[in-house]
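Okay, thanks everyone for squeezing this in before lunch. Let me put the structure up and walk you through what I found.

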Amino acid sequence: MKPTVISNEYLELQTQISNKQTEWTNSLEKSTVVEKQSLQHKQVPIIAQLTINVQFDQYKTWIIELADVLIEKDGNLLSDLTKIKTMLDEATLMNWANEVLAFNQLYFQSFAEKNELPEWLPYFLAEHSLRPFLRVVSDVYRQELPNLNTKGSCPCCGEPIRLAVLEGKGLKMIVCPRCEAKWNQKRLHCSFCGNEDHQSLSYYTVENDKASKLEVCGNCNSYIKVIDTRKLFKKQTVFLLDVTTIQLDFVAQENGFGVQNEAEEMKS
């Protein structure tokens, strides 16, 4: 895969976050997070149909751990993050978890403005620290994922679809960097509008990059990144695959694709 356009410092930070999230996810007992039940709606993401038991003491610990990682990388954030640490009572934690699940970024913008914090910071902490709970849900419901039809969004968490991997004999799997849901899809199929016309589905490639490409749909103007993981020298988490292929997002946007998917811009 072509070297990423992001800096080494940024990649190191994202790798630390990815490692933390993997560690946190593995520490959770699945049965304490979600009780598996029959899904009533095939076109609604799973988390919108369930009650997720966010363990707020654990959630608070992870937010603080993530804050410490950020302070280590950028000492200028010390004052803001120290302030946030003092604000993490149960009511705030509950609001943060609920508003992350609802994709309510306006709430976090208002929270940041009210408390004189950088606009991105509360949402970043709340979102990334909640992801282990979402990953437990996707694992518990992994067999049900292919049967759901939430066009354009992850059937587990509702995140806009943007990444696929090729595995084995070329099997195309859609993967979610947020909750790590993974499900099979036809090689010739648009995740957003269902288009399967080969004349309006095409690929963009980046020079000297044999492992990744863009799949674009002329029907609805959407795109996803497709990574042939069989050609990668180093195995990466789905989260890091998304981060390290941001150059493909730039190529897509430069060519006018994905303009309808602005909801994903603040999730990285």
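So, Glu 167: it counts as partly exposed, at 24% relative accessibility. Before I go on, keep in mind that this is a predicted model. What does Glu 167 pair with? Glu 167 makes a salt bridge with Lys 182, and the closest N and O atoms are 2.5 Å apart. Glu 167 sits in strand β1, residues 163-167, and Lys 182 sits in strand β3, so this pair ties together parts that are 15 residues apart in sequence. Lys 182 is partly exposed too, with a relative accessible area of 35%. Then there's a network: Glu 159, Arg 162, Lys 225, Asp 242 and Asp 249 are joined into one by salt bridges that share partners.

How many salt bridges turn up when you search the whole structure? The search gives 17. As a general reminder, side chains of opposite charge can pair when their charged atoms come close. One of the bridges I like is between the side chains of Glu 180 and Arg 135, at 3.5 Å from N to O. Glu 180 is in the loop between β2 (171-175) and β3 (182-184), while Arg 135 is in helix α7, residues 121-140, so here the pair ties together parts 45 residues apart in sequence. Is Arg 135 buried or exposed? Arg 135 counts as buried, at 4% relative accessibility, whereas Glu 180 counts as partly exposed, at 32%.

There's also a salt bridge between the side chains of Arg 142 and Asp 139, with N to O at 3.1 Å. Both ends are partly exposed: Arg 142 has a relative accessible area of 49%, and Asp 139 comes in at 24%.

Okay, on to the sheet. In general, strands of a sheet pair through backbone hydrogen bonds, either parallel or antiparallel. Here 6 strands make an open sheet, with mixed pairing, and the order is β3-β2-β1-β6-β5-β4. Which strands are at the edges? That would be β3 and β4 (201-205), each of which pairs on one side only. On average, neighbouring strands of this sheet are turned by 30° against each other, if you ignore direction.

Let me zoom in on a couple of the pairings. β1 and strand β6, residues 223-228, pair in the parallel sense over 4 bridges. Within that, Ala 164 has Val 226 in β6 as its bridge partner. And there's a helix lying on this sheet: α9, residues 246-254, packs there and touches β5 (212-217) and β6, with its direction at about 145° to that of β6.

On the other side of β5 we get to β4. Those two run antiparallel and are joined by 5 bridges, and Tyr 204 stands opposite Leu 214 in β5. The hairpin of β4 and β5 has 6 residues between the strands, and in it Asn 208 takes a positive phi near 65°.

Now, another asparagine, Asn 195. Asn 195 is in the loop between β3 and β4, and it's buried, with a relative accessible area of 11%. Leaving out residues up to four places away in sequence, the residues Asn 195 touches include His 189, Cys 190, Leu 201 and Cys 217. Its side chain also makes a polar contact with the side chain of Ser 200, at 2.7 Å.

Next, the greasy parts. Which residues have the most contacts inside the largest nonpolar core? They are Tyr 59, Trp 96 and Leu 125, in a core of 68 residues. The largest share of this core comes from α7, with 11 residues. Take Leu 125: not counting residues up to four places away in sequence, it touches Ile 63, Leu 66, Ala 67, Leu 70, Leu 81, Ile 84 and Trp 96. Apart from that core lies another one, of 17 residues, and among them are Met 173, Ala 211, Leu 214 and Val 251. Leu 214 is the residue we just met opposite Tyr 204.

Last stop, Gln 14, up in helix α1, residues 8-27. Gln 14 is buried, with a relative accessible area of 2%. What is Gln 14 in contact with, leaving aside its neighbours within four places in sequence? Phe 239, Leu 240 and Val 243.

That's my tour. Happy to go back to any of it.

Conventions: Residues are numbered from 1 along each chain as its sequence is written. This is a predicted model: local features need pLDDT of at least 70, side-chain atom pairs count only at pLDDT 80 or more; totals for chains, interfaces and linings use all residues. Side-chain values use heavy atoms; hydrogens and water are left out. A salt bridge is a side-chain nitrogen of Lys or Arg within 4 Å of a carboxyl oxygen of Asp or Glu. Buried means under 20% relative accessible area, exposed over 50%, partly exposed in between (1.4 Å probe, protein chains only). Two strands pair if DSSP finds at least two bridges between them. Axes are lines fitted to C-alpha atoms, for helices over the stretch in contact, and angles run from 0 to 180 degrees between N-to-C directions. Contact means heavy atoms within 4.5 Å. A nonpolar core is a set of buried Ala, Val, Leu, Ile, Met, Phe, Trp, Tyr and Cys residues joined through side-chain atoms within 4.5 Å. A polar contact is a pair of N or O atoms within 3.5 Å; within protein, one must be able to donate a hydrogen and the other to accept it, and residues adjacent in sequence count only if both atoms are side-chain atoms.
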